[in-house]
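Please open the model in a viewer in which residues can be selected by number. The tour proceeds from one selection to the next and states what is found at each stop.

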Amino acid sequence: MKSWIGRFIFESALIMFSILCALAINSWHNDQENRNLVHQSLLTFQREVGYNQQWVDSSYPYILGVRDVIVNTQQNNHPLGIEDFQQMIGSIQLALLRKSTWDTAVSAGVLTHMNFELVAALSLTYGLQERVETIHNDGLSEVVKNTYELAENTRALNYSSVRYLNSILEAESELKAAYDQVNEILRLQVELYSKN
């Protein structure tokens, strides 16, 4: 009977040890999969944010130039004619900023495995992108509509357009600062994951 109890305890301990080892291996495997998923997501975020930053960097000087031309013509008491105005405003492109990586990361639950500071910076950045797109695209539709409704009142048209362009420039400036911040955090996180 004593040998049977000893054997039972030994086999039970062996089974428990095997189960704990299997759980530890499974946990390690899951951790590795999550790390790989986070690392891949970081690289994808870098590409997407980089693309969006390039778009804003190319849009900003053009919008600034259009705004300055309109302001200068107003100050010289020679507001732009409707044809010139329509040509300048018509050449402004709609804002099309990518956000598929953010949507995918949210859906897949990847953000729960990421650094909190990075998630906060990404959330702010993508929120600002939405704001820029809304101001940019809705405002552009309004200005284009105004070119027909205010065609006879070029001063009012120029004034409303400068207000619209200033709001885009302000929103894009804020977004550019967010891009700089999130790019630095992404760079540091990619370096950290690349070392491990």
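The stops below concern helices, their packing and a few individual residues.

**Before selecting**

This is a predicted model, in which local features need pLDDT of at least 70 and side-chain atom pairs count only at pLDDT 80 or more, whereas totals for chains, interfaces and linings use all residues. Residues are numbered from 1 along each chain as its sequence is written, and side-chain values use heavy atoms, with hydrogens and water left out.

Helices are DSSP runs of H or I with at least four residues, numbered from the N terminus.

**Stop 1: H4 and H5**

Select residues 116–149, which form helix H4, together with residues 154–195, which form helix H5. Their axes lie 9 Å apart, and the packing angle is about 160 degrees. Axes here are lines fitted to C-alpha atoms, for helices over the stretch in contact, and angles run from 0 to 180 degrees between N-to-C directions. H4 is therefore roughly antiparallel to H5, a term applied to angles over 145 degrees. The crossing of H4 past H5 is left-handed, meaning that the near helix is turned anticlockwise from the far one by less than a right angle. By class, the contact of H4 with H5 comprises 19 nonpolar, eleven polar and five charged residues. In this count, Ala, Val, Leu, Ile, Met, Phe, Trp, Tyr, Cys and Pro are nonpolar, Asp, Glu, Lys and Arg are charged, and the others, Gly among them, are polar.

**Stop 2: H2 against H4**

Keep H4 displayed and add helix H2, residues 82–90. The axes of H2 and H4 come within 11 Å and cross at roughly 165 degrees, so these two helices are roughly antiparallel to each other. H2 passes H4 in a left-handed crossing.

Which residues of H2 meet H4? On the H2 side they are Ile-82, Phe-85, Gln-86 and Ile-89. Their counterparts in H4 are Leu-140, Val-143, Val-144, Thr-147 and Tyr-148. The contact of H2 with H4 divides into seven nonpolar residues, two polar and no charged.

Now colour H2 by accessibility. Its buried residues (under 20% relative accessible area, with a 1.4 Å probe and protein chains only) are Ile-82, Phe-85, Met-88 and Ile-89. They cover an arc of only 130 degrees around the axis, which puts them on the same side of H2. The arc is that of the directions from the helix axis to the C-beta atoms. An α-helix has 3.6 residues a turn, so residues three or four places apart point the same way. Glu-83, Gln-87 and Gly-90 are exposed (over 50%) on the face of H2 turned away from its buried side.

**Stop 3: H3 and the residue after it**

Select residues 100–108, helix H3, where Thr-101, Trp-102 and Ala-105 are buried. These residues lie on the same side of H3, because they cover an arc of only 100 degrees around the axis. Thr-104 and Ser-107 are exposed on the other side of H3. Just after H3, Gly-109 takes a positive phi of about 75 degrees.

**Stop 4: two residues of H1**

Move to Ser-41, in helix H1, and show its surroundings. Ser-41 counts as buried at 11% relative accessibility. Leaving out residues up to four places away in sequence, Ser-41 touches Thr-101, Val-110 and Met-114, contact being heavy atoms within 4.5 Å.

Gln-40 is also placed in H1, which spans residues 2–75. At 44% relative accessibility, Gln-40 counts as partly exposed, the category between the buried and exposed cut-offs. A distance label between the C-alpha atoms of Gln-40 and Val-190 should read 9.1 Å, although 150 residues separate them along the chain.

**Stop 5: along H5**

Three residues of H5 complete the tour, namely Ser-161, Val-162 and Gln-189.

- Ser-161 is buried at 0% relative accessibility; beyond residues up to four places away in sequence, it touches Ile-70, Phe-85 and Val-143.
- Val-162 is buried at 12% relative accessibility; apart from neighbours within four places in sequence, it is in contact with Arg-67, Ile-70, Val-71 and Gln-74. Val-162 and Val-110 are 42 Å apart, C-alpha to C-alpha, and 52 residues apart in sequence.
- Gln-189 is buried, with a relative accessible area of 11%; not counting residues up to four places away in sequence, it touches Leu-42, Asn-115 and Leu-118. The C-alpha atoms of Gln-189 and Glu-170, 19 residues apart along the chain, are separated by 29 Å.

Terms used. Parallel < 35°, antiparallel > 145°, perpendicular 65-115°, else oblique.
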